[in-house]
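Hello,

Here is the structure I said I would pass on. My notes on it follow below.

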Amino acid sequence: MLAALDTIPKPITTGSEVAALTRFCRDITWTGVIEAGGMGPGTPAMTARGKGTHETIQDGRWIVGSYEQDQFLLDGTFVLTWQLHWVVGWDPASGDYRATHADNYGRCGVMRGHIDGDRLIFESIDDPAVRLRMEWDVADPREVLWRNEMSVHGGPWTLIEAYHCTPA
């Protein structure tokens, strides 16, 4: 009977890959600007302020981020509260970072990422009509610079929004 136990696959153990993510996944607050057209054709420029919290799950194999931001027209008029749930970690089968995201618009997706020095970069997987690219830059330990870009139908990357994030 004990020999049969040895044939059952066991959960993976965490390694340096997930540990490397922790410097990008900090509890933060932010302010910044959403570009005109960033939320779709014809949408106005907006300002935003938000917060994000993180926790590990499954014995440290994944990091879960919960984010919320309030968005305002440039004159200060409140527009909406946006929310996102993000799960990120190392996928040993693909040999890269993977993340899932789901927001209160009902959008969800899977992204592939990598670390390049002080930058963590994620891009949409496959070839959707609108591709997303997100970047975290932690070169300055006092803040995280975050940017979100899109490419429509394989066109050039354009900025959706950029934020200066500070530890909460």
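In the chain, 36% of the contacts between residues at least 6 apart in sequence join residues at least 24 apart. Please keep in mind that this is a predicted model.

The secondary structure consists of two helices and ten strands. Read from the N terminus, the order is α-α-β-β-β-β-β-β-β-β-β-β, with the two helices ahead of the ten strands. The C-alpha trace spans about 70 × 35 × 30 Å along its principal axes.

On burial and surface: the chain has 168 residues, and 35% of them count as buried. The exposed area comes to about 9,600 Å², of which carbon and sulfur atoms supply 58%.

As for charge, there are 14 positive and 23 negative side chains. The centres of these two sets lie 2 Å apart.

The interior is where I would start reading. In soluble globular proteins, nonpolar side chains tend to be buried together. The largest nonpolar core here has 27 residues. The members that touch the most other members are Trp 86, Val 88, Phe 122, Trp 136, Tyr 163 and Cys 165. Strand β4, residues 78–91, gives this core its largest share, five residues.

Which residues does Val 88 touch, leaving aside those up to four places away in sequence? On the N-terminal side of Val 88 in the numbering they are Leu 21, Cys 25, Trp 62 and Ile 63. The others are Arg 98, Ala 99 and Phe 122. Phe 122 is also in the list of core residues that touch the most other members.

Regards

Key
Residues are numbered from 1 along each chain as its sequence is written. This is a predicted model: local features need pLDDT of at least 70, side-chain atom pairs count only at pLDDT 80 or more; totals for chains, interfaces and linings use all residues. Side-chain values use heavy atoms; hydrogens and water are left out. Helices (H or I, at least four residues) and strands (E, at least two) are DSSP runs, numbered from the N terminus. Buried means under 20% relative accessible area, exposed over 50%, partly exposed in between (1.4 Å probe, protein chains only). Contact means heavy atoms within 4.5 Å. Accessible areas come from the Shrake-Rupley method with a 1.4 Å probe; for residues, only the protein chains shown count as cover. Lys and Arg count as positive and Asp and Glu as negative; His and the chain ends are not counted. The place of a charge is taken as NZ of Lys, CZ of Arg, CG of Asp or CD of Glu. A nonpolar core is a set of buried Ala, Val, Leu, Ile, Met, Phe, Trp, Tyr and Cys residues joined through side-chain atoms within 4.5 Å.
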